[in-house]
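I opened the model to make notes on its helices, its ligand and a few residues. The entries follow in the order in which I looked things up.

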Amino acid sequence: MMMRVEIPASSDTPGPKRFWDRNELRRISDRFENAWPEEVLHWSLETFGSDVAMATGFGPSGVALMHMLSRVDSSATVFYLDTDLLFPETHDLKRRLAERFGLTFTRVHSGISLPEQARQESADLWRSNPDRCCLIRKVLPLRRFLSTREAWITGIRRDQSPTRGTIGIVHWDEANGLVKINPLANWSEEQIWQYIQINDLPYNPLHDSGFPSLGCIPCTKPVDAGEDARAGRWKGHDKLECGIHVQEDILVQEEIPVQEDILVLENEGAYRKTA
Ligand code: SF4
């Protein structure tokens, strides 16, 4: 019988430290529509200081944005969600980017090992219930990490999928309760690859082997000719997003409280409990 990972209720509900008027954010976003992404990054760091962090999954947009960020402030916090299921090529790219850009990556982890997940939920949860697997390994750790910030920066773009088609450059993130900044929202895939080529930036070699979008190993397949870039993600499942970039509150939908003792690995160093 399938068991469930115990996720105890949190007493401190994550929330914003500063109130941001949605209209004000919309005006800021509109102002940035014709701005170079580095201007947006400058504004982000000036406005939020160390309370802003950039998320990356080490895709092409993330590579371009990290290059820009490193030129603005290489000490800025850049974090990634380690699901324990990333491709070896992704870890190798991380090492090369750290060396090239002088960035230090913060690893954010669920605190739940794969054997523990298999024992408490089911083996291959990504096959039987990928939403639940993403919730445990991505959405909850992300929420916990973001609860300590006022804003986050991402490399997502409007042309990546219909679910991202209307994102602002700056907007309020309803699901996580903080400001979300997408400096590349209005860039195209072609612009990203031009930027990478012009600046001779490293990228994941799997992109040259039919994997335009990379996530976890069990949920990423090559795409066929004519398919959109994210068609290889969760192939065979009616699932388009892992849940970290949706605006609806997935925790409310599923009535699952935030875990209290998610572990965060700071700067590839020792684990610390954030509870
Ligand atoms: S992408 Fe797949 S393996 Fe990774 S967390 Fe989601 S369901 Fe699990």
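Entry 1, overall content. I counted the secondary structure first: the protein chain has 9 helices and 8 strands. The model is a predicted one, so I kept to its rule that local features need pLDDT of at least 70. For burial I noted that 37% of the 275 residues of the protein chain count as buried. I then looked at contacts in the protein chain with a separation of 6 or more, and 76% of them join residues 24 or more positions apart.

Entry 2, α2 against α3. I looked up helix α2, residues 37–48, and found that its axis comes within 10 Å of that of α3. The two axes cross at roughly 55°, which makes α2 oblique to α3. I recorded the crossing of α2 past α3 as right-handed. On the α2 side the contact is made by P37, E38, L41, H42 and L45. On the α3 side I listed L65, M68, L69, R71, V72 and D73. I sorted the residues of this contact of α2 with α3 by class and got 7 nonpolar, 1 polar and 3 charged.

Entry 3, α3 against α8. I went on to the packing of helix α3, residues 60–73, with helix α8, residues 189–198. Their axes are 9 Å apart and the angle is about 55°, which makes α3 oblique to α8. The crossing of α3 and α8 is left-handed. From α3 I noted P60, S61, V63 and A64, which meet I192, W193, Y195 and I196 of α8. By class I have 7 nonpolar residues and 1 polar residue in the contact of α3 with α8, and no charged residues.

Entry 4, V63. I picked V63, which has its place in helix α3, and asked whether V63 is buried or exposed. V63 has 24 other C-beta atoms within 10 Å and is therefore buried; the cut-off for buried is 20 or more. Leaving out residues up to four places away in sequence, I found that V63 touches L97, I196, L201 and Y203. I also checked the pair V63 and K94: they are 31 residues apart in sequence, and 9.6 Å separates their C-alpha atoms.

Entry 5, Q194. I looked up Q194 in helix α8. Q194 has 13 C-beta neighbours inside 10 Å, so I put it down as partly exposed. Q194 and A64 are 130 residues apart in sequence, and I read 9.8 Å from C-alpha to C-alpha.

Entry 6, positive phi. I searched for residues with an uncommon backbone angle, because most residues other than glycine have a negative phi. F58 is not a glycine, yet its phi is positive, near 65°. I located F58 in the loop between β1, residues 52–55, and α3. F58 has 25 other C-beta atoms within 10 Å, so I noted it as buried. D124 is not a glycine either, and its phi is positive at about 55°. I placed D124 in the loop between α5, residues 114–120, and α6, residues 125–128. D124 counts as partly exposed because it has 13 C-beta neighbours inside 10 Å.

Entry 7, K221. I found K221 in the loop between α8 and α9, the latter at residues 250–254. With 14 other C-beta atoms within 10 Å, K221 is partly exposed. I checked K221 against F211: the two are 10 residues apart in sequence and 6.9 Å apart in space, C-alpha to C-alpha.

Entry 8, the ligand. I asked which of the 13 residues around the ligand come nearest. I wrote down W126, C133, C134, C216 and C219. I then asked which element gives the largest share of the shell around the ligand. That share comes from helix α7, residues 130–146, with 5 residues. By class I divided the shell around the ligand into 9 nonpolar, 2 polar and 2 charged residues.

Definitions and conventions:
Residues are numbered from 1 along each chain as its sequence is written. This is a predicted model: local features need pLDDT of at least 70, side-chain atom pairs count only at pLDDT 80 or more; totals for chains, interfaces and linings use all residues. Axes are lines fitted to C-alpha atoms, for helices over the stretch in contact, and angles run from 0 to 180 degrees between N-to-C directions. Angles under 35 degrees count as roughly parallel, over 145 as roughly antiparallel, 65 to 115 as roughly perpendicular and the rest as oblique. A crossing is left-handed if the near helix is turned anticlockwise from the far one by less than a right angle, and right-handed if clockwise. Two residues are in contact if their C-beta atoms, placed from the backbone, lie within 7 Å. Ala, Val, Leu, Ile, Met, Phe, Trp, Tyr, Cys and Pro count as nonpolar, Asp, Glu, Lys and Arg as charged, and the others, Gly among them, as polar. A residue is near a molecule or strand if its C-beta atom, placed from the backbone, lies within 6 Å of it. A residue is buried if 20 or more other C-beta atoms lie within 10 Å of its own, exposed if 12 or fewer, and partly exposed in between; C-beta atoms are placed from the backbone.
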